[in-house]
Amino acid sequence: MIGALPVVAVVGRPNVGKSTLVNRFVGRRDAIVQEDPGVTRDRREVEVDWQGRDFVVVDTGGWLAEGAPIDAKVAKQAERAIADADLVLLIGDVTVGVTDEDDRMAALLQHSAKPTLVVVNKVDDTRREADVWPFAALGLGEPIAVSALHGRASGDLLDEIIERLPEPETVAAPADDDDEPGIFSVAIVGRPNVGKSTLFNRMVGDDRSVVHDEPGTTRDAIDTIVDTPDGPLRFVDTAGMRRRSRIDEPTEYFSMVRALQAVDRADAALFVIDATEGVAHQDQRLAERIDVAGTVVVVVLNKWDLVPSGQREQVRIDVADRLGFLAYAPVLEVSALTGLKAQRLLPALRDAEAAYHRRVPTAALNKVLRNAQAAHQPPIQRKHRPRVLYATQGAASPPTFTLFTTREMPAPYLRYLERCIREAFALGPTPIKMRVRPRGSGPTKRRA
């Protein structure tokens, strides 16, 4: 578990290459990197393995002593990372030299008394090495010269890190790791500025994500594991998603890609909608994308406390009408900011998780389908009436059913059978996959 590993916080002013260095540590482009300052805003944790030692690296946003209100919130996240760290890496930029912000950050670190390494980045060749020594004046020890972009001396830096870290705790290994179930992952998705990060902080019980009125505050997918009475859940805060035609900068494009990847990897999605604005066209497009991904979905009408009481019923009607293809998904009316009805989210997610993994007995499944066909026969097609001969559940997560039939089944009738299965076995919150195998032909598929 990440929580048992030593923690290394990577801090410094904007645009010194913190995220590039973190990507170098993990060996992949895990954090979004752009030349524009201020791309990283939230604390992002990644696990690193070097020479048999595991530790956590926390990437932080650029620290500024003064700036806009959002800069102060980003700086607060960096300061919290410092407080939680076993070792701090203060990153400087050799091409710029020591700045006033570097001096102020060094003073903050001296006051914190945290073990610190001064890392001077962008030392791409030996000609730059002499320019590193002014950073010794920060009073935090001898500076280490690296090039995060090219990997120069990054291995030496990692060696120094594990030398400074505390010895790992001895933790008894589980009897059989292969039997350990994966942690149920929940992506929090929606358009920009609908309250996703506020809801994320509410669910994890900590100000992990920067929250601000400015749309697009969250740039990357931030995940946190939360222990609940029924077991752990992983929550993933994502950037706001909007139409590609509205995306006008590379950072926002990569943020959208990360958000879509988070949806594809997640077991469930909390689909957040601003109740004061109702369901917009882009909400419908995002809902379709979530549905196609095959994840469990819970619709969250956020900012419900701001909706006038006389308009609430119309909001409910509009949601049911415009998101009709997600009719199986529960709709919760909450306020992430005040906590109104937020206690209903965890039970809804647990119900969704149970449905997602549910297995249906074959005999009970076939009884439901026999009764459904007796109550409402399939329509005649080409002078023949198709029938379901036999059915079985081929997989769970999500529930996947294979129907062996005499002929092709019309789509409306398949939706009827799906509804009967969903109601009979309480599969309401989860998507269902239906595979149809007509007699004498190869399989066809339909995802419900």
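**Entry 1: the pair R128 and D131**

I looked up D131 first and found it partly exposed, at 34% relative accessibility. This is a predicted model, so I am reading computed positions. D131 has a salt-bridge partner, R128. Their closest N and O atoms are 3.5 Å apart. How accessible is R128? I found 31% relative accessibility, so R128 also counts as partly exposed.

**Entry 2: R316 and E333**

Next I turned to R316. It forms a salt bridge with E333, and the closest N and O atoms are 2.6 Å apart. I then checked where the two residues sit. R316 belongs to helix α8, residues 312–322. E333 belongs to strand β12, residues 331–333. They are 17 residues apart, and the pair links distant parts of the chain.

Are the two partners buried or exposed? R316 is partly exposed, with a relative accessible area of 33%. E333 is buried, with a relative accessible area of 11%. I noted the reason for that label: buried means under 20%, so 11% qualifies.

**Entry 3: R350 and E353**

I stayed with salt bridges and looked up R350. Its partner is E353, with the closest N and O atoms 2.3 Å apart. Both residues lie in helix α9, residues 345–356. Why are they about one helical turn apart? They are separated that way because they stand 3 residues apart in the helix. I checked the cover as well. R350 is buried, at 14% relative accessibility. E353 is buried too, at 16%.

I also found a network: R191, E277 and D283 are joined by salt bridges that share partners. How many salt bridges are there in the whole structure? My search gave 14.

**Entry 4: the open sheet**

I moved on to strands. An open sheet is formed by 6 strands. I wrote down their order as β2-β3-β1-β4-β5-β6. The pairing is mixed. Which strands stand at the edges? They are β2 (44–50) and β6 (144–145). Each has a single partner strand, so one side of each is left without a neighbour in the sheet.

**Entry 5: strand β1**

I picked β1, residues 7–11, for a closer look. It is mostly covered, with 5 of its 5 residues buried. I then sorted the residues by face. V7, A9 and V11 are on one side, and V8 and V10 are on the other. Both faces are covered, since every one of these residues is buried. The sorting follows a general pattern: side chains in a regular strand alternate between the two faces of the sheet.

Then I checked the neighbours of β1. With β3 (residues 53–59) it pairs in the parallel sense, over 4 bridges. On that side V8 stands opposite V57 of β3. With β4 it is also parallel, and 4 bridges join the two. There the bridge partner of V11 is L90.

**Entry 6: strand β5**

Strand β5 spans residues 116–121. How many of its residues are buried? I found 6 of the 6, so β5 is largely enclosed by the rest of the structure. T116, V118 and V120 lie on one side. L117, V119 and N121 lie on the other. Both of these faces are covered.

I followed the pairing back to β4, residues 87–93. It runs parallel to β5, and 6 bridges join them. One pair I looked up was L89 of β4, whose bridge partner in β5 is L117.

**Entry 7: L369**

I looked for L369 and found it in helix α10, residues 362–375. It is buried, with a relative accessible area of 2%. I then compared L369 with E418. The two are 49 residues apart in sequence. In space their C-alpha atoms are 9.5 Å apart.

**Entry 8: a positive patch**

My last search was on the surface. Which residues form the positive patch? They are R382, R387, R407 and R439. I looked at R439 more closely. It sits in the loop between β15 (433–438) and β16 (444–447). Its relative accessible area is 58%. Exposed means over 50%, so R439 counts as exposed.

Conventions
Residues are numbered from 1 along each chain as its sequence is written. This is a predicted model: local features need pLDDT of at least 70, side-chain atom pairs count only at pLDDT 80 or more; totals for chains, interfaces and linings use all residues. Side-chain values use heavy atoms; hydrogens and water are left out. Patches are made of residues with over 30% relative accessible area and no salt bridge: like charges are joined within 9 Å, nonpolar side chains (Val, Leu, Ile, Met, Phe, Trp, Tyr) within 5 Å. Accessible areas come from the Shrake-Rupley method with a 1.4 Å probe; for residues, only the protein chains shown count as cover. A salt bridge is a side-chain nitrogen of Lys or Arg within 4 Å of a carboxyl oxygen of Asp or Glu. Lys and Arg count as positive and Asp and Glu as negative; His and the chain ends are not counted. The place of a charge is taken as NZ of Lys, CZ of Arg, CG of Asp or CD of Glu. Buried means under 20% relative accessible area, exposed over 50%, partly exposed in between (1.4 Å probe, protein chains only). Two strands pair if DSSP finds at least two bridges between them.
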